Amino acid sequence: MALVSLLDVSLSFGGAPLLDRVNLQLERGERVCLVGRNGAGKSTLMKVIAGELAPDEGQIFRSPPDAVIATLPQDVPAGLVGTVRAVVEGPGGSYEEHNDWEQHDRVERLLERLALPAEAEFTSLSAGQKRRVLLARGLATNPSLLLLDEPTNHLDLDSIRGLEDFLLEWGGALLFVTHDRAFLRRLATRIVEVDRGRLIGWSCDYDTFLTRKQAVLEAEEVQRAQFDKKLAQEEVWIRRGVKAQRSRAQNRIHALQAMRAERAARRERQGTARMTAQEADRSGFKVVTCTGLRFRYGERWIVRDLDLRIERGDKIGIVGPNGAGKTTLLRLLLGQLPPQAGSVEAGTRLEVVYFDQLRAQLDESMRVQDAVADGNTTVTINGRTRHVISYLEDFLFEPTRARTPVRALSGGERNRLLLARLFTKPANVLVLDEPTNDLDAETLELLEDLLVEFGGTVLLVSHDRAFLNEVCTSLLVFEGDGVLAEHIGGYDDWQAAQAARAAAAVKAAAGAGKGGAGATAAAGTAAPAAKGRKLSNRERAELEALPARLEALEKEQSELTTRMADPAFFKGGGPEVARAAARLPELEAEIAAVYARWTELEG
């Protein structure tokens, strides 16, 4: 029997139902991911399953009826105080006091496994640490089902990978909502989509889901177009007047009435956001140059001896643990914070737009439309004046939503609102500090496309691995004690380089154990390669063009060699033979030069 079963469950808060006679079964050991647009009802469904919300209609069955369901909410509840251990143990007090040694051991293992400071005060922790404490609190109840709502929010990359490993080892039933596509790909055994009040199950991986979903949407569009055409024809027929009261005519009238009712009940799919960044005039080639940059808080180094040159068109991801100083680094690079040593030189003609992770630029007392247009009724986008309501519809804010206060918006809506506000300003440098939190997958992909196509410079702080892979041309990584290292490529490229270095270190250690010449050879193999310098935009374009250039030269060389191997070729004599004889060594020299240049650029 299923662990949890929903039968014809409906729930609405006025207007169209969020859940419309939905059915769902969750089996033991499953890891099910809920997907859907912001506001589709994912969090609401989880609250219904947890028993926090009662449905308007339908039934919920649990097996056993007293099955324990634990929840990790999207936001940290207010009012939690005490040590980490006390919060994890819950309001019932210490398990030692109740001689519940099995539960005591479980709490101790969770504190150790999740690397939590047991005696630290909960209120002193970072947002990411608080989320881990709440996860441990839920798991301490030994639940049959764990509900996670955006579990990777505020977690750094190491914490996200640790959470993935933990949940894979845990083995219990899991229902989760996430915007982190890498997290989804690794954990989910099944996908359930919340779409216009319905639940649609997909027993496949995420990439297959995207392909199949697109095919279903295209088929739905065709079907609806055919239905609308038929309805329009029947409306024309009825307006002409029914000539006879025959049963055939009556049946046609009843069918038309049913079609009208079906059309009236149709729920249109929420549109796709249309994001456009206004590009200012090109900046100078050098955007920011750092020399010997140093900054620290007390005894803790944030940046030490950083030499960095950011050039026009670079798209740099900044990654590191929570608290490493990523936001501080952005403020140093933007000149908002003076360095304690070294220099930061800004380039010329910079037009900077800054997305802050705390969304402090949004006044919660303002209406959504006023927050975008500063109280004006219009905005100017790429030289075209638009009404602010129309512009906000591009970011999926309906007119009624555009007139609500900012404080009424969800996390995902606030992120979309801040993007809408920032993109009204022309820019050639986009600085984005954690822009992906709470955005649904479709909006994330649109933002990725916008940043990839943006002709200016992008500085990006993010823990979203898929986002870093798609957008970044290089990463700036905090490696501890104020040391930052630059790595060419995205997240996967960085991880591959890390794995190669680790393998080389293991090989060197094995060789050192053997001693003598073998150790020397192994050490030589393991010696770290010189860090490749960062390529300019022109050099990157040159590198991308080299394979085609090499292919053309080698093709010409092959064709020329084949012609000269034919005795008939030399019978004609004359200038053509002389040109061919001179061209062959030229080709060999050019091919050698291309290979050398390729090695130079990649090295």
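Reader: Is cysteine 33 buried or exposed, and what is its relative accessible area?

Author: The general scale comes first: buried means under 20% relative accessible area, exposed over 50%, and partly exposed in between, with a 1.4 Å probe and protein chains only. In this structure cysteine 33 is buried, its relative accessible area being 0%. This is a predicted model, in which local features need pLDDT of at least 70 and side-chain atom pairs count only at pLDDT 80 or more, while totals for chains, interfaces and linings use all residues. Residues are numbered from 1 along each chain as its sequence is written, and side-chain values use heavy atoms, with hydrogens and water left out.

Reader: How many disulfides does the structure hold?

Author: A disulfide is a pair of cysteine sulfur atoms within 2.5 Å, and the structure holds zero of them. Cysteine 33 is in no disulfide, since the nearest cysteine sulfur, belonging to cysteine 204, is 12 Å away.

Reader: Why is the sulfur of cysteine 472 without a bond to the closest cysteine sulfur?

Author: The closest cysteine sulfur, in cysteine 290, is 17 Å from that of cysteine 472, which is too far for a bond; cysteine 472 is also buried, at 9% relative accessible area.

Reader: What is the order of the strands in the open sheet?

Author: Strands (E, at least two residues) are DSSP runs numbered from the N terminus, and two of them pair if DSSP finds at least two bridges between them. Here three strands form an open sheet in the order E11-E10-E13, with antiparallel pairing. Strand E11 (300–311) and strand E13 (341–346) are the edge strands, each pairing on one side only. Strand E10 (residues 286–297) is joined to E11 by eight bridges, and arginine 296 has tryptophan 301, in E11, as its bridge partner.

Conventions. Helices (H or I, at least four residues) and strands (E, at least two) are DSSP runs, numbered from the N terminus.
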